[in-house]
Amino acid sequence: KECGINYRVILDVYHASNLHFPPREAYSDYNGVILPGSFSAAYDSEPWIEELCKVIQEELVPKELPTLGVCFGHQVYAHSFAEGAAIKCAGGSHAGRKVSQLTSHGRKVLGPSCSPQTGLEL
């Protein structure tokens, strides 16, 4: 509980890169989905990426599930559409951490331990 707001988050973790996905009937029970980063590329033709694109188009999009895509996650989401065309970055792959400055709303949600000067390490 922070700033008078209660949060209850339950995460089911699946390892898509191992072709480990929720059963198709489970998607109706979810309030949202997080598609995290990966050292793979959205344009790679690995079986798990192809299956993930299929899940996005057959489960997430039709059910209008709120989806947070982080780096690879947002790229593969966009690439899953017929007109999606993720391409290789000329500058090469990028991975790592970034310090981001919080907005006043972000500080309210995350609490007083996050100052505007120090930001939040993501």
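**Exercise 1. Find what joins the side chains of Glu 46 and Trp 48 in this predicted model, then place Glu 46 in the fold.**

Start with the side chains: Glu 46 and Trp 48 are joined by a polar contact of 2.8 Å, and the cut-off for such a contact is 3.5 Å. Next, locate Glu 46: it sits in the loop between β1 and α1. Now check its cover. Glu 46 has a relative accessible area of 30%, so it counts as partly exposed. Finally, look along the chain: Ser 17 is 29 residues away from Glu 46, yet their C-alpha atoms are 8.9 Å apart.

**Exercise 2. Work out how the rings of Trp 48 and Phe 72 are arranged, and which helices they belong to.**

First, the tally: the model has 3 aromatic pairs. For Trp 48 and Phe 72, the ring centres are 5.5 Å apart and the planes meet at 40°, so this pair is tilted. Stacked would need planes under 30 degrees apart, and edge-to-face over 60. Then map the partners: Trp 48 belongs to helix α1 (residues 47-63) and Phe 72 to helix α2 (residues 72-79), so the pair ties together parts 24 residues apart in sequence. As for cover, Trp 48 and Phe 72 are both buried.

**Exercise 3. Is Val 9 buried or exposed, and which surface patch does it help make?**

Take the area first: at 62% relative accessible area, Val 9 is exposed. Its place in the chain is the segment before β1 (33-35). Then look at its company: Val 9 helps make a nonpolar surface patch of about 790 Å², whose members include Ile 5, Tyr 7, Leu 11, Ile 34 and Leu 68.

Methods: Residues numbered from 1 in each chain as written. Predicted model: local features only at pLDDT ≥ 70, side-chain atom pairs only at ≥ 80, totals over all residues. Heavy atoms only, no water. Patch = residues over 30% accessible without salt bridge, like charges linked within 9 Å, V, L, I, M, F, W, Y side chains within 5 Å. Areas by Shrake-Rupley, 256 points an atom, 1.4 Å probe, with all protein chains shown as cover. Salt bridge = Lys/Arg side-chain N within 4 Å of Asp/Glu carboxyl O. Helix = DSSP H or I, 4+ residues; strand = E, 2+ residues; numbered from the N terminus. Buried < 20%, exposed > 50% of the residue type's maximum accessible area, 1.4 Å probe, protein only. Phe/Tyr/Trp six-rings, centres within 6.5 Å; stacked < 30°, edge-to-face > 60°. Polar contact = N/O pair within 3.5 Å; in protein donor to acceptor, adjacent residues only side chain to side chain.
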